[in-house]
Amino acid sequence: MERDNHQEGEAQGVKICDPPCESNPPADTLATSLSLLGNHMFPDPVERNNSTTVNKQELSNPILSDVTEEEKSVDAEPQSNQVTKLEAEEAEISECQNNASSQTLDEGTEDAATDNDRSDSGEFVVAMLAKAKLEEQGIGVKGRSSPLLEAGIQESPAFMSHRDEDVTAESWRQHRKHVFVLSEAGKPIYSRYGSEEALSSTMGVMMALVSFVQSGDNIIRSVYSAEHTVVFLQKGPLVLVCVSNSRQTEQQLRGELLYVYYQIISMLTQASISRIFEHKKNYDLRRLLAGSEKILDGLLNLVDSDPSFLLAAVHCLPLASSLRDSLSQILLKAITPNLVFSILIANNQLLTIVQEKTVIEDARLEPADVHLLLNLIGASSAFQAGEIWTPICLPLFNPDCYFYAYISYLDPPECTVCLLLLSTDKEAFYAVAECKRKIEEAMTAQNSLSLIAKVQSYSVSQVGVSDLRHFMYKPFDVPDNYRQLTQFTSPEMEAPYSSEEEKMRLLDLYRYMHSRIHSTSRPLKLIYHVAERETLLAWVTSKFELYTCFSPLVTKACAITAITKLLRWIKKEEDRLFIRYPQKYSTTPNPSKSSRGGKSDQQDSTENGFLSLL
Amino acid sequence: MLMISPRMASGMQEKQYTPSLLNFFVYNPSFGQREGEEEKKILFYHPSDVEKNEKIRNVGLCEAIVQFTRTFCPTKPAKSLHTQKNRQFFFEAEDNFWIVMVVRNPMIEKPNKDGKPPTVEYQEEEILDTVYGAVVRQCYSMYKLFNGTFGRAMEAGGVELLIQKLEKFFYRYLQTLHLQSCDLLDVFGGISFFPLDKMTYLKIQSFVNRVEESLSLIKYTAFLYNDQLIWSGLEQDDMRILYKYLTTSLFPRHSEPELAGRDSPLRPEVAGNLLHYGRFLTGPTNLKDPEAKFRFPKIFVSTEDGYEELHLIVYKAMSAAACFMISASVELTRDFCEQLDGLVGPQLTLLASDICEQFTVNRRISGPEKEPQFKFIYFNHMNLAEKSTIHMRKTASVCLTSVHPDLMKILGDINCDFARVDEDEEIIVKAMTDYWVVGKKSDQRELYVILNQKNANLIEVNEEVKRLCATQFNNIFFLD
């Protein structure tokens, strides 16, 4: 099977630059793979061929826009055909990457764009990412035929210091948390620190360990040493490994790896990843993820510094409910068919979110999906210039289909307030851009931007409890009747938690409390922890969970009074601290579009009739 | 009308399996480095009937894991590997000599209908690394107590001798490992001290001095009462492992006569001696027997420059036991044993009844025993003193605790939390079952309390623990 692929590739005049499958050591040759620990590079037995002669295979299938549909027809298609198509794509990408002249670039992207116009989402991403790569190189792309290319943007060359690190240096070993992503064939896909090439032997060993344990009909979970915890997570054809000396628990680290996996899914979809590896086991996924390392880097930094990920809840900016309502109303008035979510963000915190009715009935937006969206926006400065239209998958909503995200900042050049519109229709760029125009107009009319600019996060001193230093409060489904986006509220971290180290230390304490109180085998109801530098209390009830940090000398009686006061204060401020009532709207389904745009559209057509009866 | 569900009808029930020992092996990666000679790395493997290639594979995995973790910290390699089905614990006992213990996770077997094989669900979060890591280290310490280091065997007789010794020792020792009942006490590996008034303590000390003076061959002495230590001349770490051996292995094997009580008639074989109740627990069972052998177990204890080999004589009268250690270079004779028996027997019998009297008086003063509202474990890292009201009696075969295993694991969790920072701390948690568990760490001391007042609030729990500290540990300061 593998050999067939190669022959096919050569016949097409497109060489594959992956080393053959030997990088995936069979379980019984572990000893051999061990020897790899010594050398730091894999030999690369197949020479790279940069020939740009691409034989484009025209496919005879009809237009496919639905992933699931397409999956079926792919299966029905002769194997060789599909393989060729995949390789043609690769060649196309390498063409784009290897030519500096804008002429060729235009051709390349145009090819991709036309491909995407008539074919599946997988190719669409290819085009998208090829473009992203060009942006990395600082080359603006002007397009003609696709709205995708309207979003021509400039970006300075990526800052790559972490990639250049010496992986044998002590400083490399000292990192708080390493994250590696590799394919089942042991091929490096991503490393947080150090280049994938330099780490290919280490990653080869990781894969060898995974498959060795697997061969004993078992699953490797983790390795503990005095300083490090190594956590393994296998998701489909990808293996994710975390090496941490942060003292976080295995479950938390695995949760973070899952976020990394989801972020990759959000760019490629689960279906296309499995399809790629089904056809070519040792495919180098970095080709498709080129340029997106920054998004993963950004995610990992965010995971380390933002408790939203730990709590699996969204942090929204405290806002007078009248202002929040007026913003929601503005969003509600600017809708278009197939628009499903309108989200307003300020400084990486949620201002408001409105949803299409059928979507909210069916499912709510998962916090994890929101985190990925926020990270995507935060990680790329590219979005700061003009408008962007990009396919994005929300893995918890549906790991196999794309939404199309319109992202634009409303207050350039400060770029703090960002509008995110999600549509299920990839052709809807102009319609959605029109929504933005309406929103912008309304916000100018109501002077919303300057009102938002004045809004700040709050200080714990506003609660009025002297020994209380910090807290995190996460209510469950408030108010009860609405299946809501899970949220939490937390004040700014102030002295003595103002330095980065101290902030991290407090977060680590919260992480430890969280792990104990939510332990899978021995959950607890309450933890009261007195240490030399602070006193912590964690409490989980059926209505909320609460983590508080007090000065170390607080008495238990004082702490309990403080918590009563705090809960009362939160109740009073509820409308300001949380998005209380999710706003819904209904767009008329456009029958002509219903065959396009994935699962959500199908839901439209099947459920709308029923819903209109309610 | 009674409805019988199909599950009940077929009488199928979930089966719960406790953690169990899968493998235990000792290997040295520097041996058998040439390809095809991997088997030479393996010095001991349990169970021995595992197929050769399987052994080599499992050792290979350990090597790989250890090697892999050295990528991230060369000096601190892997200590444990977690998989879905089991946990492996790695311990480099001596340079390049690795001991590995593989423990199967506890599991639940759920029967399936239609004759399908049952579904097995592994409980991956039940085993505490700290507990089983300590068990592996204990295995090595015990080997070392009776055999000296691996290096010593290598010097004396090469790999062959080491393999022989490992085989001989672990074959029996592993059968005494009861992995399902290991808990926090294994992490501490502490010594339970017998509480005593000054007078009685001085009596014991003068007894030890007199014996050591009369029998100058004796190098070290240890004195225990009721399985609790009163006096020891050994280094702390040696005493710790010797204590473990005495209380979990030697004493339980000889406990039957004592259980009958001190008024029971003398055992027939020592009926000739009416002066005292003393007898040898190691060495000759009956001095009068002309066939009696005067061989004693040999132990290795640390000295300033390495190790010394000693004869271990354990002599017991009623609940009092004295251990005498004599250099192994001396040959012990019938004469010596008779002399020891004649000297120690009567005095030890007298001391034992003194202590017993003292003990009952103290008990009476402290009032009638009623079920307290709390149970606790105390451990002091400085003198290894440990006290538990949770464990009824720890014997070789079974460790009885009076609390739910989940609560014991919460104690283990709190112990791990204390190890995170080197600070005084207090942790109070409320379990899902509404039990309150309190952990306090102060200086080198740790105290764990389980309260069974389920309706108490945090402040009441705090008061209760304060009372406990005041009565039981009035001279120890715990962070409030």
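## Salt bridges in a predicted model

Start with A:Lys436, which is buried at a relative accessible area of 11%; buried means under 20% relative accessible area, exposed over 50% and partly exposed in between, with a 1.4 Å probe and protein chains only. Its partner is A:Glu440, and the two side chains meet in a salt bridge at 3.5 Å, N to O. The term salt bridge stands for a side-chain nitrogen of Lys or Arg within 4 Å of a carboxyl oxygen of Asp or Glu. A:Glu440 counts as partly exposed, with 28% relative accessibility. Both residues sit in helix H17 (residues 429–446) of chain A, four residues apart, about one turn of the helix.

A word on the ground rules. This is a predicted model, where local features need pLDDT of at least 70 and side-chain atom pairs count only at pLDDT 80 or more, while totals for chains, interfaces and linings use all residues. Residues are numbered from 1 along each chain as its sequence is written, chains are lettered from A and ligands numbered from 1 in the order in which they are written, and side-chain values use heavy atoms, with hydrogens and water left out.

Now for chain A as a whole. Its secondary structure comes to 21 helices and 17 strands; these are DSSP runs numbered from the N terminus, helices being H or I with at least four residues and strands E with at least two. Of its 614 residues, 60% count as buried. Take the contacts (heavy atoms within 4.5 Å): among those in chain A between residues at least 6 apart in sequence, 66% join residues at least 24 apart.

Back to the salt bridges, which number 44 over all chains. Here are three of them.

| Pair | Closest N and O atoms |
|---|---|
| A:Arg192 and A:Asp304 | 3.2 Å |
| B:Glu124 and A:Arg221 | 2.7 Å |
| A:Glu440 and A:Lys436 | 3.5 Å |

What does the salt bridge of A:Arg192 with A:Asp304 tie together? A:Arg192 lies in the loop between strand E2 (188–191) and helix H8 (200–215) of chain A and A:Asp304 in helix H12 (residues 293–305) of chain A, so the pair links parts that are 112 residues apart in sequence. A:Arg192 counts as buried at 3% relative accessibility, and A:Asp304 is buried too, at 7%.

B:Glu124 and A:Arg221 form a salt bridge that crosses between chains, from the loop between strand E8 (119–122) and helix H3 (129–147) of chain B to strand E3 (residues 220–225) of chain A. Both of these residues, B:Glu124 and A:Arg221, are buried.

Finally, there's a network of salt bridges linking A:Glu502, A:Arg505, A:Arg533, A:Glu534 and B:Glu423.
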